[in-house]
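Work through the exercises below with the model open in a viewer. Each task is followed by a solution in steps.

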Amino acid sequence: MANKISRRDLIKYSSIASVGLATGVLSSTACNNDKNITDKNMKVLLVNGSPREKGCTFTALSEVASSIEKNKISTEIYWLGSEPISSCRACGVCRKDGKCVINDNVNSFVEKASLCDGFIFGSPVHFASASGMITAFLDRVFYSGRGVFSGKPGAAIVSCRRAGSTTTLDQLNKYFPISNMPQVPSQYWCMVHGNTPDEVKQDLEGLQIMRTLGTNMAWLLKCIEAGKKAGIGLPQYEARQGTNFIR
Ligand SMILES: Cc1cc2nc3c(=O)[nH]c(=O)nc-3n(C[C@H](O)[C@H](O)[C@H](O)COP(=O)(O)O)c2cc1C
């Protein structure tokens, strides 16, 4: 396929891919399109919100990352560390100058995110919720830098020993639709089960869900790139309305 594709081709390929996803006929390790469609070095940033650097969340994120890399898109796993992260002070300063006043890695992360094309947020389940660290981190990242994520696909994944995975996904999946981010699907809700990396490696279905997520992320990024080449750029939005309920 040449680098330039027509709108008709784009619609055709999108609908083939949609049917493939709906019927599960696409391979779980490679997306069914021409890699020449990508002429830019795209990158997906994967956030590890566990205090354990190489634990279960990392194991799941690594599976997503290798599936994305198989599709010739680069990845980076960004660990939040094990030190406590300050929550949002609701001071509102970032709304004026675009930067968080707290002196940690939130501002540098937003800068890094501005250079990336897709995002995966990963967290262990802590009492049926996302870790306190990733909650504090993402609240501040999205309050101060939401515009950076607009039009870029994202997805969340979670790791738990036994339960609370869907409530945690519900929580993390709130960041995408409030930021104009297309949400990337998989064949099942994006969770793995295990208390140790070895246990996660035994969750064969969970790992397959991670690989399918990576495949879909790569596919969507290439569709967006192909769309740009065909003249379909990012949407133009109206100026934001803010309607508070108490006046
Ligand atoms: C403070 C804390 C709370 C936890 N709460 C839950 C829970 O509600 N449900 C569950 O299934 N596992 C729970 N776990 C276990 C972890 O979610 C599980 O071991 C996870 O896979 C660890 O991922 P990590 O190695 O990336 O940190 C909890 C662990 C900790 C440390």
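**Exercise 1. Find the bridge partner of Leu-46 in β3, and place the pair in its strands.**

Step 1. In this predicted model, Leu-46 is bridged to Ile-120 of β3.
Step 2. The strands concerned are β1, residues 43-48, and β3, residues 118-124.
Step 3. They run parallel and are joined by 5 bridges.

**Exercise 2. State the strand order of the open sheet, and explain why one side of β2 and of β5 is left without a neighbour.**

Step 1. The order of the 5 strands is β2-β1-β3-β4-β5, with parallel pairing.
Step 2. β2 (74-79) and β5 (191-193) are at the edges and have a single partner strand each, so each has one side without a neighbour in the sheet.
Step 3. On average, and ignoring direction, neighbouring strands of the sheet are turned by 15° against each other.

**Exercise 3. Determine which strands helix α6 lies across and which strands helix α8 touches.**

Step 1. Helix α6, residues 165-172, lies across β3, β4 (154-160) and β5. The angle at which α6 runs to β4 is about 150°.
Step 2. Helix α8, residues 204-229, packs on the sheet and touches β1, β3, β4 and β5. Its direction and that of β5 make about 160°.

**Exercise 4. Compare the reach of helix α2 with the expected value, and decide whether α2 is mostly covered or mostly uncovered.**

Step 1. α2 spans residues 56-70, 15 in number.
Step 2. From first to last C-alpha α2 reaches 22 Å, close to the 21 Å expected at 1.5 Å a residue.
Step 3. For burial, the cut-off is 20 or more other C-beta atoms within 10 Å of the residue's own. With this criterion 12 of the 15 residues of α2 are buried, and the helix is mostly covered. Among them are Cys-56, Thr-57, Phe-58, Glu-63 and Ile-68.
Step 4. Just after α2, Lys-72 has a positive phi of about 65°.

**Exercise 5. Describe the shell around the ligand: how many residues surround the ligand, and which are the closest?**

Step 1. The ligand is surrounded by 18 residues, the closest being Ser-50, Gly-55, Cys-56, Thr-57 and Pro-124.
Step 2. By class, the shell holds 7 nonpolar, 8 polar and 3 charged residues.
Step 3. At least two shell residues come from each of α2 and β4.
Step 4. Cys-56 and Thr-57 are among the closest residues to the ligand and are also buried residues of α2.

**Exercise 6. Summarise the protein chain: how many helices and strands does it have?**

Step 1. There are 8 helices and 5 strands.
Step 2. From the N terminus on, they run α-β-α-β-α-α-β-α-β-α-β-α-α.
Step 3. Of the chain's 247 residues, 40% count as buried.

Note on methods
Residues numbered from 1 in each chain as written. Predicted model: local features only at pLDDT ≥ 70, side-chain atom pairs only at ≥ 80, totals over all residues. Helix = DSSP H or I, 4+ residues; strand = E, 2+ residues; numbered from the N terminus. Expected span 1.5 Å × (residues − 1). Pairing = 2+ DSSP bridges. Axes fitted to C-alpha atoms, helices over the stretch in contact; angles between N-to-C directions. Contact = placed C-beta atoms within 7 Å. Near = placed C-beta within 6 Å. Nonpolar A, V, L, I, M, F, W, Y, C, P; charged D, E, K, R; others polar.
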